[in-house]
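Colleague: Got a few minutes? I keep seeing labels attached to this structure and I'd like to know what's behind them.

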Amino acid sequence: MEAKSKTTLGLELPTDPRWTDIASMQIEDILVDHAYCEQKAASSCISLIMLYPEREKLLELLVPVVAEEWSHFERVVEQLKKRGFGLGRQRKDEYVARLNEVVRKGGSRNQQLVEKLLLNALIEARSCERFKLLHKHIADEELKKFYYELMVSEAGHYHNFIELAEEYMPKDYVKVRWNEFLEAEAAIMKSLTVRGDRMH
Ligand SMILES: [Fe+2]
Ligand SMILES: [Fe+2]
């Protein structure tokens with residue numbers, strides 16, 4: 001499936017520019033929230049592997065992603081430490097909680113898998129967009145480079161999740177469902193308060 005070109009990776013709604021301004025000034029908060037995004041990305045891939053151990057392609061693509069996401073987590077923790085900040089507790093992730101409501105319950109085992117894969121693809125796409133913004137606007141040279149690298153990595157993960165969705169359900173089905181996810185995500189984004197202490 002070709003990604004639509006409206007914004008990064010087909011997202012319907014670009015990030016509110018106010019987010020970039022305030023997030024770039026709240027480095028500690030953004031790094032703490034970001035660290036947990038990486039932890040959740042790793043955990044989510046582990047869950048998929050545990051739920052679908054018989055799916056060879058899924059294992060092939062996602063086992064390496066667990067290691068990558070965990071190394072991202074380690075590197076964010078390192079950036080916190082370097083700046084004299086601690087990891088701090090996980091914050092409420094309203095974005096992901098709301099996106100979870102978009103996931104359809106029921107259907108076949110493959111349909112359920114595709115719901116999870118598209119949810120992950122969407123979070124990767126939005127993260128990728130936000131990393132790109134941070135890369136462009138953040139003053140700190142080291143973080144600038146770090147976010148560029150992450151942007152590239154998360155774009156790769158997005159493609160993995162879409163490829164897997166198309167492995168387990170027909171392309172046409174995935175396309176329809178993906179567009180529904182994109183639309184729902186845009187509505188969620190629009191309704192959330194713009195906060196500089198959250199990655200999403
Ligand atoms: Fe990551
Ligand atoms: Fe990722």
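Below, the two of us go through the labels and the reasons for them.

Modeller: Sure. Keep in mind that this is a predicted model.

Colleague: Let's start with helix packing. Why are helix 5 and helix 7 called oblique to each other?

Modeller: Their axes cross at roughly 50 degrees. Roughly parallel needs an angle under 35 degrees, and roughly perpendicular runs from 65 to 115. The crossing of helix 5 (residues 109–137) and helix 7 (residues 171–191) fits neither class, so the pair counts as oblique. The two axes come within 10 Å, and helix 5 passes helix 7 in a right-handed crossing.

Colleague: Which residues of helix 5 and helix 7 meet?

Modeller: On the helix 5 side they include Val114, Leu118, Leu122 and Arg126, and on the helix 7 side Val174, Trp178, Phe181 and Glu185 are among them. By class, the contact has 11 nonpolar, 1 polar and 5 charged residues.

Colleague: And what makes helix 6 oblique to helix 7?

Modeller: The angle there is roughly 130 degrees. Roughly perpendicular stops at 115 and roughly antiparallel needs over 145, so helix 6 and helix 7 end up oblique. Their axes come within 8 Å. Tyr158, Ile162, Ala165 and Glu166 of helix 6 meet Lys171, Val174 and Trp178 of helix 7. That contact divides into 5 nonpolar, no polar and 2 charged residues.

Colleague: Then there's helix 3 with helix 6. Why is that pair called roughly antiparallel?

Modeller: Helix 3 and helix 6 cross at roughly 160 degrees. The label needs an angle over 145, so helix 3 is roughly antiparallel to helix 6. The axes come within 11 Å, and helix 3 passes helix 6 in a left-handed crossing. In their contact there are 11 nonpolar, 5 polar and 11 charged residues.

Colleague: OK, on to the inside. How many residues does the largest nonpolar core have?

Modeller: The count is 63, and Leu62, Tyr147 and Trp178 have the most contacts inside that core. Helix 1 (17–23), helix 2 (27–51), helix 3 (56–82), helix 4 (94–100), helix 5, helix 6 (141–168) and helix 7 each give two or more residues to it.

Colleague: Which helix gives the most to this core?

Modeller: Helix 5 does, with 13 residues. As for Leu62, leaving out residues up to four places away in sequence, its partners are Cys45, Leu48, Ile49, Phe161 and Leu164.

Colleague: How do you know whether Ile30 is buried or exposed?

Modeller: Its relative accessibility is 1%. Buried means under 20%, so Ile30 counts as buried. Ile30 sits in helix 2. Beyond four places in sequence, Ile30 touches Trp19, Ala23, Tyr147, Gly196, Asp197, Arg198 and Met199. Ile30 and His200 are 170 residues apart in sequence, yet their C-alpha atoms are 9.7 Å apart.

Colleague: Asp197 turned up in that list. Is it buried or exposed, and what settles it?

Modeller: Asp197 comes in at 15% relative accessibility. The cut-off for buried is under 20%, so Asp197 counts as buried. Asp197 lies in the segment after helix 7 and touches Gln26, Asp29, Ile30, Asp33 and Arg91, again without residues up to four places away. From Asp197 to Ala139 the C-alpha distance is 17 Å, with their positions 58 residues apart in sequence.

Colleague: What about Val103: buried or exposed?

Modeller: Val103 has 15% relative accessibility. Buried is under 20%, so Val103 counts as buried. This residue is in the loop between helix 4 and helix 5. Setting aside neighbours within four places, Val103 is in contact with Glu115, Leu119 and Phe181. Val103 and Lys116 are 13 residues apart in sequence and 7.3 Å apart, C-alpha to C-alpha.

Colleague: Last one. What makes Glu60 exposed?

Modeller: Glu60 has a relative accessible area of 53%. Exposed means over 50%, so Glu60 earns the label. Glu60 belongs to helix 3. Between the C-alpha atoms of Glu60 and Ile49 there are 9.9 Å, and the two are 11 residues apart in sequence.

Note on methods:
Residues numbered from 1 in each chain as written. Chains lettered and ligands numbered in written order. Predicted model: local features only at pLDDT ≥ 70, side-chain atom pairs only at ≥ 80, totals over all residues. Heavy atoms only, no water. Axes fitted to C-alpha atoms, helices over the stretch in contact; angles between N-to-C directions. Helix = DSSP H or I, 4+ residues; strand = E, 2+ residues; numbered from the N terminus. Left-handed = near helix turned anticlockwise from the far one by under 90°. Contact = heavy atoms within 4.5 Å. Nonpolar A, V, L, I, M, F, W, Y, C, P; charged D, E, K, R; others polar. Core = buried A, V, L, I, M, F, W, Y, C linked by side-chain atoms within 4.5 Å. Buried < 20%, exposed > 50% of the residue type's maximum accessible area, 1.4 Å probe, protein only.
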